[in-house]
Structures are given as structure tokens and as C-alpha cells.
Amino acid sequence: MKIYLVSLAAGALMGLLYGLLGVRSPAPPLVALAGLLGILIGEQLVPVGRRLLRREPLTAAWIAEECVPKVTGVSPAPPGDAP
């Protein structure tokens, strides 16, 4: 939770600075968020590509364990921990 508050505070500080300087943010919020999502997804193409080059199987379990947490920021549940 602390990291979210720090991120929010840093964003608010930059917004305040932009406001004081009278400039607009570099991108509309939705466009900026879409770009950040694209970066997170693009980063995961490297391990997926490496796995395919090594001819290792690309399973849903591997994607859920290795890629999804890095894109969503949520750690995977330990095995056997059903909700």
C-alpha cells in the first residue's frame, strides 16, 4: 500500500509543478496509461520469446506465474491457496 501512496504523491507533486509552470501534461491520462500498459506487456515478450527459442512449452500456468504478476503487480497465490 505504501508504494501506491508514494506513487500517488509523486504524481500529485508533478501535477502541481505542471500547474505552477502553466504547462499541460505530455499525454492525456488515458493515452499515458495505455502506453504504460503497452510497456509492461512488451517487457513480457522477452521471456516468452526466450522460452519459445529454447523450445520450452508456453503454458497458461507459466504465464500466470511469470508474466501476470509483473504486469498486474499482484503476486500469485501460493499453490493450494484457493479463494
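This passage describes the helices, a surface patch and the salt bridges of a predicted model.

Helix α1 covers residues 2–21. At 1.5 Å a residue, its 20 residues should span 28 Å, and the distance of 29 Å between its end C-alpha atoms agrees with this. The helix is hardly covered, since the count of buried residues along it is 0. Tyr4 lies in α1 and is exposed, with a relative accessible area of 55%. Together with Met1, Ile3 and Leu5, Tyr4 makes a nonpolar surface patch of about 530 Å². After α1 comes Gly22, which has a positive phi, near 75°.

Helix α3, residues 60–72, departs from the span of a straight helix. A straight helix of 13 residues would span 18 Å, whereas the end C-alpha atoms of α3 are only 16 Å apart. A bend of about 35° is found at Glu66, and Pro69 follows within four residues. In contrast to α1, for which the count of buried residues is 0, α3 has Trp62, Cys67 and Pro69 as its buried residues. The cover over these residues includes α2, residues 29–53. Gly73 follows α3 and has a positive phi, near 80°.

Ala64 is also part of α3. This residue is partly exposed, at a relative accessible area of 40%. Apart from its neighbours within four places in sequence, Ala64 is in contact with Pro69 and Pro76. The C-alpha atoms of Ala64 and Ile3 are separated by 23 Å, the two residues being 61 apart along the chain.

Side chains of opposite charge can pair when their charged atoms come close. A search of the whole structure finds 3 salt bridges. One of them joins Lys70 and Glu66, with an N to O distance of 4.0 Å. Because Lys70 and Glu66 are 4 residues apart in α3, about one helical turn separates them. Lys70 is partly exposed at 47% relative accessibility, and Glu66 is partly exposed at 29%. Elsewhere, salt bridges that share partners join Arg51, Arg54 and Glu56 into one network. Within this network, Glu56 pairs with Arg51, the closest N and O atoms being 3.1 Å apart, and with Arg54, for which the corresponding distance is 3.2 Å. The three residues fall into separate classes of accessibility: Arg51 counts as buried because its relative accessibility, 14%, is under 20%; Glu56 is partly exposed at 30%; and Arg54, at 52%, counts as exposed.

Conventions
Residues numbered from 1 in each chain as written. Predicted model: local features only at pLDDT ≥ 70, side-chain atom pairs only at ≥ 80, totals over all residues. Heavy atoms only, no water. Helix = DSSP H or I, 4+ residues; strand = E, 2+ residues; numbered from the N terminus. Expected span 1.5 Å × (residues − 1). Bend = angle between axes of the 7 residues up to and from the residue. Buried < 20%, exposed > 50% of the residue type's maximum accessible area, 1.4 Å probe, protein only. Contact = heavy atoms within 4.5 Å. Patch = residues over 30% accessible without salt bridge, like charges linked within 9 Å, V, L, I, M, F, W, Y side chains within 5 Å. Areas by Shrake-Rupley, 256 points an atom, 1.4 Å probe, with all protein chains shown as cover. Salt bridge = Lys/Arg side-chain N within 4 Å of Asp/Glu carboxyl O.
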